[in-house]
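Let's take a friendly walk through a protein model, one feature at a time. Keep the 3D view open and turn it as you read.

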Amino acid sequence: MEKIHIFSDSACDIPEPLVKEHDIEILPVHITHEGRTFREYYDTTPQQYWKLLQESDDIPQTSQVTPSQALECYRSAHARGCTHALGMAMSAKGSGGYQSMCIARDLFYEEYGKEMRIELVDSETYTMIYGRILLKAARMRDQGDAFDAIVGVVRSRVKRSEAVLGVYTLKHLKKSGRISGGAAFVGEALGLKPISHVCAGTVDVCGKARGEKNLIPKMAEFVGAHAVGIEKQTAGLLHGAVAEEKIAELERRLYGLGFRKVERWPIGVSVITNTGPEALAVMYYGEQRA
């Protein structure tokens, strides 16, 4: 009989109550700020981290999950009698956490052989965009689905996952080095708000809104053009420290597009460090990628 362990790096941003409800192990990303190191998920909440960024002039440094963290996860699961393990990590194009998990898998197989099968999935994305896929996997496990069926659903959903991301200020993009100081100066002077498409491991600027009031309509327009089978989907509304009226406006527009449901999720450390806390995103399923 299969006994399946499910785990992820903390960049998946799954809220603690759901982590505990579905018995998901979280391997923490470490954050260093002004000489202090702490763990995402275990030592800070998204809301606390947003406040830290708003009050600090320094950009915290994040470090990926290490092979030793992943190896300990595998050993612990094996010791509890698990026959299978399924893990996901932030996009391999944005972090080395997935590679660390792969290195640890090789070390585990050298030590234990194939006594426990380990499947690792590069999420090709960030935050709850893959967190909700992992939750789907945990729910399938909890209802008794076979490991191969779970892995198949996870890989299929990864290849359909997309998001659109908008930010209200360029300050943090400049500080994190994502854009130059000159570009930030011009953008702020013109009131430009960048919109990015998160897809297949990349985050590419796909448009700009002139002024705050145009950001949400532009984002909703993009979602309407790229989501497939909207009436069957639940949209994920991802947010940082953004005013409730803006979040509510985006939610109304998503329902107006025809989504059957809209769920709100806070954005955690790995994305907010680069975008700044004043960010919004919408996750949805698009066309199946190869």
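## A network of charges

Let's begin with a group of charged side chains: Arg 117, Glu 119, Asp 148 and Arg 155 are linked in a network of salt bridges. Keep in mind that you are looking at a predicted model. Side chains of opposite charge can pair when their charged atoms come close. Across the whole structure, a search finds 15 salt bridges.

## The parallel sheet

Now find the strands. Four of them form an open sheet, in the order β2-β1-β6-β7, and their pairing is parallel. Which strands sit at the edges, pairing on one side only? They are β2 (24-27) and β7 (117-122). On average, neighbouring strands of this sheet are turned by 20 degrees against each other, direction ignored. Strands of a sheet pair through backbone hydrogen bonds, either parallel or antiparallel.

Zoom in on β6 and β7. Strand β6 (residues 84-89) runs parallel to β7, and six bridges join the two. One residue here is already familiar from the network: Arg 117 in β7 is the bridge partner of His 84. Helix α6 (residues 147-158) packs on the sheet, where it touches β1 (4-9), β6 and β7. The direction of α6 makes about 10 degrees with that of β7.

## Salt bridges to look up

Arg 264 is a good residue to click on. Its side chain meets that of Glu 244 in a salt bridge (2.9 Å, N to O). This pair links distant parts of the chain, with Glu 244 in helix α10 (residues 244-257) and Arg 264 in strand β12 (residues 261-266), 20 residues apart. Both ends are partly exposed: the relative accessibility is 44% for Glu 244 and 33% for Arg 264. Arg 264 also forms a salt bridge with Glu 251, and here the closest N and O atoms are 3.2 Å apart. Glu 251 lies in helix α10 too, 13 residues from Arg 264 in strand β12.

Another pair is Asp 142 and Arg 141, a salt bridge whose closest N and O atoms are 3.1 Å apart. Is each partner buried or exposed? Asp 142 is partly exposed, with a relative accessible area of 45%, whereas Arg 141 is buried, at 13%.

## The nonpolar cores

In soluble globular proteins, nonpolar side chains tend to be buried together. The largest nonpolar core of this model has 48 residues. Those with the most contacts inside this core are Ile 6, Ile 14, Ile 24, Leu 86, Met 88, Val 154 and Leu 238. Which helix gives the most to this core? Helix α5 (residues 128-142) does, with nine residues.

Try selecting Val 154. Leaving aside its neighbours within four places in sequence, Val 154 is in contact with Leu 86, Met 88, Val 121, Ile 133 and Ala 137. Apart from the largest core lies another, of 22 residues, including Val 164, Ile 230, Phe 259 and Val 282.

## One side of a helix

Finish with helix α2 (residues 46-55), where Tyr 49, Trp 50, Leu 52 and Leu 53 are buried. Why do these four count as lying on the same side of α2? Because they cover an arc of only 160 degrees around the axis. An α-helix has 3.6 residues a turn, so residues three or four places apart point the same way.

Notes
Residues are numbered from 1 along each chain as its sequence is written. This is a predicted model: local features need pLDDT of at least 70, side-chain atom pairs count only at pLDDT 80 or more; totals for chains, interfaces and linings use all residues. Side-chain values use heavy atoms; hydrogens and water are left out. Two strands pair if DSSP finds at least two bridges between them. Axes are lines fitted to C-alpha atoms, for helices over the stretch in contact, and angles run from 0 to 180 degrees between N-to-C directions. Contact means heavy atoms within 4.5 Å. A salt bridge is a side-chain nitrogen of Lys or Arg within 4 Å of a carboxyl oxygen of Asp or Glu. Buried means under 20% relative accessible area, exposed over 50%, partly exposed in between (1.4 Å probe, protein chains only). A nonpolar core is a set of buried Ala, Val, Leu, Ile, Met, Phe, Trp, Tyr and Cys residues joined through side-chain atoms within 4.5 Å. The arc is that of the directions from the helix axis to the C-beta atoms.
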